[in-house]
Amino acid sequence: QVQLVESGGGLVQPGGSLRLSCAASGFTFSLYAMSWYRQGPEKERELVAVITSGGGRTNYADSVKGRFTISRDNAENAVYLQMNSLKPEDTAVYYCNAQHPVYAYKTYWGKGALVTVSS
C-alpha cells in the first residue's frame with residue numbers, strides 16, 4: 001500500500017523556519033521524482049519545489065527561491081523541505097507528491113501538513 005506521510009508543520013512567526021518531512025512507503029522511492037506542493041486559503045494548489053529521483057536536480061517556484069530547499073534521502077525513503085525566512089503568504093497546507101518518470105498515472109499524494117506563518 002502506497003503511503004506518503006508529511007510531518008513537521010505547525011505555527012511559526014514571520015522570519016522563522018520549519019522543516020517538513022515526507023516518509024514514503026509502498027513503492028520504489030528511488031525511481032520517483034518528488035515534489036512539494038501547497039494550497040493556501042482560497043488559492044489553487046501550486047508547485048513549490050521538485051527534486052529528481054537521484055537528487056541531482058532541483059527546481060523551485062519563484063516565490064520560494066533562496067528561502068526553501070528540497071532534499072531527499074533515498075536510503076530512508078524520505079523527502080524534506082527546509083523553509084527559512086517564512087512569510088505570512090507561505091501559510092498553506094503542504095503536500096508531498098511522488099511522480100513516476102515514465103508512467104504519468106503513477107502519481108501519489110500525501111494528506112498534507114498545515115504550515116501557519118503568523119505573529
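**Figure 1. Two phenylalanines, Phe27 and Phe29, meet as an aromatic pair.**
Let us start with Phe29, which is buried, with a relative accessible area of 2%. This is a predicted model, and every value in these legends is computed from it. Phe27 counts as buried too, because its relative accessibility of 13% falls under the 20% cut-off. The structure holds six aromatic pairs. One of them joins Phe27 and Phe29: their ring centres lie 6.3 Å apart, and with 50° between the planes the pair is called tilted. Now widen the view a little. Phe27 and Phe29 belong to one aromatic cluster, together with Tyr32 and Tyr108.

**Figure 2. Arg45 lies over the faces of Tyr95 and Trp109.**
Which rings should you look for around Arg45? One is the ring of Tyr95, where Arg45 lies over the face at 3.8 Å from the ring centre. Another is the ring of Trp109, and here the distance from Arg45 to the ring centre is 4.7 Å.

**Figure 3. Arg38 and Glu46 form a salt bridge.**
How many salt bridges does the model contain? The count comes to four, and this view shows one of them. The side chains of Arg38 and Glu46 meet with 2.6 Å from N to O. Is Arg38 buried or exposed? Arg38 is buried, since its relative accessibility is 6%. Its partner Glu46 is partly exposed, because its relative accessible area of 33% falls between the 20% and 50% cut-offs.

**Figure 4. Asp90 and Arg38 meet in a salt bridge.**
Stay with Arg38 and look at its contact with Asp90. Here the N to O distance is 2.9 Å. The two residues are 52 residues apart, and the pair links distant parts of the chain. Asp90 belongs to the loop between E8 and strand E9 (92–99), whereas Arg38 belongs to strand E4 (residues 33–39). Both Asp90 and Arg38 are buried.

**Figure 5. Arg67 and Asp90 complete the picture of a shared network.**
Asp90 appears again, this time in a salt bridge with the side chain of Arg67, at 2.7 Å from N to O. Why does this pair tie together separate parts of the chain? Arg67 sits in the loop between strand E6 (58–60) and E7, and Asp90 in the loop between E8 and E9, so the pair bridges parts that are 23 residues apart in sequence. Arg67 is buried, with a relative accessible area of 11%. Asp90 counts as buried at 0% relative accessibility. Salt bridges that share partners bring Arg38, Glu46, Arg67 and Asp90 into one network.

**Figure 6. Four strands line up in an open sheet.**
In what order do the strands of this sheet stand? Reading across, you meet E1-E3-E8-E7, and the pairing is antiparallel. Strand E1 (3–7) and strand E7 (68–73) stand at the edges with a single partner strand each, so one side of each has no neighbour in the sheet. From one strand to the next, the twist averages 15°. As a reminder, strands of a sheet pair through backbone hydrogen bonds, either parallel or antiparallel.

**Figure 7. Strands E3 and E8 run antiparallel.**
This view turns to one pair of strands from that sheet. Six bridges join strand E3 (residues 18–25) to strand E8 (residues 78–83). To find your place, look for Arg19, which stands opposite Gln82 in E8.

How values were computed:
Residues are numbered from 1 along each chain as its sequence is written. This is a predicted model: local features need pLDDT of at least 70, side-chain atom pairs count only at pLDDT 80 or more; totals for chains, interfaces and linings use all residues. Side-chain values use heavy atoms; hydrogens and water are left out. Two strands pair if DSSP finds at least two bridges between them. Axes are lines fitted to C-alpha atoms, for helices over the stretch in contact, and angles run from 0 to 180 degrees between N-to-C directions. Buried means under 20% relative accessible area, exposed over 50%, partly exposed in between (1.4 Å probe, protein chains only). Rings of Phe, Tyr and Trp (its six-membered ring) pair if their centres lie within 6.5 Å; planes under 30 degrees apart count as stacked, over 60 as edge-to-face and the rest as tilted. A charge sits over a ring if NZ of Lys or CZ of Arg is within 6 Å of the ring centre and within 35 degrees of the ring normal.
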